Amino acid sequence: STSSDAETEILPFFPLGGIVYTPNSEHVLNIFEPRYRQMYNDILMNGSKRFIVSMSHPNLDGTFATTGVIFKLEDLKEVSEMTDDRVKYICNHRVT
């Protein structure tokens, strides 16, 4: 293992529409899709509380920007009981 391997970290990917996210901005997400519910469970369990966000192409499914930002989870509310399980989490994030 080289030193660059030790510094490599794999983070989950969360594509988000056509919004540009800038460093130090804050964003609230409502988490309801099963795959993102699982992603949040994973980042909570492993302690990283971070994931990559990249813009998705408006007309080409499965096509994303080549760069993204890191969202760091700052606050999470479990709201499934209040929303009849339509929304699992409401989360505040900071872009790093």
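Visitor: Which residue stands opposite Val-95 in S5?
Guide: Phe-71 stands opposite Val-95, in a pairing of strand S4 (residues 69-78) with S5 that is antiparallel and runs over 7 bridges; strands are DSSP E runs of at least two residues and helices H or I runs of at least four, numbered from the N terminus, and two strands pair at two bridges or more. This is a predicted model, in which local features need pLDDT of at least 70, side-chain atom pairs count only at pLDDT 80 or more, and totals for chains, interfaces and linings use all residues. Residues are numbered from 1 along each chain as its sequence is written, and side-chain values use heavy atoms, without hydrogens and water.

Visitor: And what about S2 and S5, how many bridges there?
Guide: S2 (residues 26-31) runs antiparallel to S5, joined by 6 bridges, and Ile-31 stands opposite Tyr-89.

Visitor: Which S5 side chains are buried?
Guide: Along S5 (residues 89-95), Tyr-89, Cys-91, His-93 and Val-95 point to one face and are buried (under 20% relative accessible area, 1.4 Å probe, protein chains only), whereas Ile-90, Asn-92 and Arg-94 point to the other face and are not buried.

Visitor: Switching to rings, how many aromatic pairs are there?
Guide: There are 7 aromatic pairs (centres within 6.5 Å; stacked under 30 degrees, edge-to-face over 60, otherwise tilted). Tyr-21 and Phe-71 form an edge-to-face pair, at 5.1 Å centre to centre and 85 degrees between the planes.

Visitor: Where do those two lie?
Guide: Tyr-21 is in the loop between strand S1 (13-15) and S2, and Phe-71 is in S4, so their pair ties together parts 50 residues apart in sequence. Phe-71 is buried, with a relative accessible area of 0%, and Tyr-21 is buried at 13%.

Terms used: Buried < 20%, exposed > 50% of the residue type's maximum accessible area, 1.4 Å probe, protein only. Phe/Tyr/Trp six-rings, centres within 6.5 Å; stacked < 30°, edge-to-face > 60°.
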